[in-house]
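Please find below my notes on this model, set out as numbered points to be read beside the coordinates.

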Amino acid sequence: MPAEDMPADEPFIDDDGDHDVCWFCPALRYPAGRFDVYRRPSRDAPFDPATGFRYTTAGVPVCVHPGKVGLPAARYASKRIPVPALAPRPAPPRPPLRHPDALAPRRTPSPRPAEPDDAAILAGARPQVPEELLALLRGRLRQADPDRLQEAVAEAELTACHSFPVDAVVAAIRQVLSGG
């Protein structure tokens, strides 16, 4: 709503709405036009530890976060600059937390490779290992510091287990470490 349409006594931002302003922001106490907005903290409007607010030397309250308050930097109260018509406030920077029951289900792991039978294991058959898993592990382990290889293997295993079955990860690690 344009600033001139706002009631004269209502704060520019209400405390109950979605906002990302500081708890001591003058926008929570004053209507638009009754405080100045600086681009950043300035010596012209020092922080007063006794009151917890910023004021000009003339006693005008100051906000130093134009992006948070939604107004361009200007001396609205000091120089009586008209407050511009306001665009809709941007969405909050982080979405509100949803109830755990409303969360999307975790990504299901890729299908498990077929288990070899005992005869195939004795003959030296290896379980099927997806090529993308091998590429992931090879890339991670090639970048690892040789002195920290054990930690790199553990980290790569943990990362891979989020997307692949554990037995496929173990088989892939064995294959990569054996030079395959």
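1. In this predicted model, phenylalanine 24 has a relative accessibility of 24% and therefore counts as partly exposed, since the buried class ends under 20%. Phenylalanine 47 is likewise assigned to the partly exposed class, because its relative accessibility is 40% and the exposed class begins over 50%.

2. The count of aromatic pairs comes to three. Phenylalanine 24 and phenylalanine 47 make up one such pair, with their ring centres 5.9 Å apart and an angle of 65 degrees between the planes, an arrangement classed as edge-to-face. This pair links distant parts of the chain, for phenylalanine 24 lies in the segment before strand S1 (36-37) and phenylalanine 47 belongs to strand S2 (residues 47-48), the two being 23 residues apart.

3. Aromatic rings also take part in contacts with arginine side chains. Arginine 29 lies over the face of phenylalanine 53, at 3.8 Å from the ring centre, while arginine 75 has its charged end over the ring of tyrosine 38, 3.8 Å from the centre of that ring.

4. What lines the largest cavity? Its lining consists of Val21, Cys22, Phe24, Cys25, Pro26, Arg54, Val62, Cys63, Val64 and His65, so that Phe24, already described as a member of an edge-to-face pair, appears here again. By class, this lining has eight nonpolar residues, one polar residue and one charged residue. The largest cavity holds about 70 Å³ of space, and the structure has one cavity of 30 Å³ or more.

5. In soluble globular proteins, nonpolar side chains tend to be buried together. Here the largest nonpolar core has 17 residues, and those with the most contacts inside it are Val129, Leu133, Leu137, Leu141, Val169 and Ala172. At least two residues of this core come from each of helix H3 (131-142), helix H4 (149-161) and helix H5 (166-177), and H5 gives the most, with six residues.

6. A last point for inspection concerns the backbone at arginine 80. Most residues other than glycine have a negative phi, whereas arginine 80, although not a glycine, has a positive phi of about 55 degrees. Arginine 80 is placed in the loop between helix H1 (66-69) and helix H2 (118-122). Is this residue, arginine 80, buried or exposed? Its relative accessible area is 72%, and arginine 80 is therefore exposed, the cut-off for that class being over 50%.

How values were computed. Residues are numbered from 1 along each chain as its sequence is written. This is a predicted model: local features need pLDDT of at least 70, side-chain atom pairs count only at pLDDT 80 or more; totals for chains, interfaces and linings use all residues. Side-chain values use heavy atoms; hydrogens and water are left out. Rings of Phe, Tyr and Trp (its six-membered ring) pair if their centres lie within 6.5 Å; planes under 30 degrees apart count as stacked, over 60 as edge-to-face and the rest as tilted. Helices (H or I, at least four residues) and strands (E, at least two) are DSSP runs, numbered from the N terminus. Buried means under 20% relative accessible area, exposed over 50%, partly exposed in between (1.4 Å probe, protein chains only). A charge sits over a ring if NZ of Lys or CZ of Arg is within 6 Å of the ring centre and within 35 degrees of the ring normal. On a 1 Å grid over the protein atoms alone, a cavity is a set of points where a 1.4 Å probe fits but cannot get out, and a pocket is an open set with protein on both sides within 12 Å along at least five of seven lines; lining residues have an atom within 4 Å of a point. Grid points are joined across faces, edges and corners, and a volume is the space filled by probe spheres set on the points. Ala, Val, Leu, Ile, Met, Phe, Trp, Tyr, Cys and Pro count as nonpolar, Asp, Glu, Lys and Arg as charged, and the others, Gly among them, as polar. A nonpolar core is a set of buried Ala, Val, Leu, Ile, Met, Phe, Trp, Tyr and Cys residues joined through side-chain atoms within 4.5 Å.
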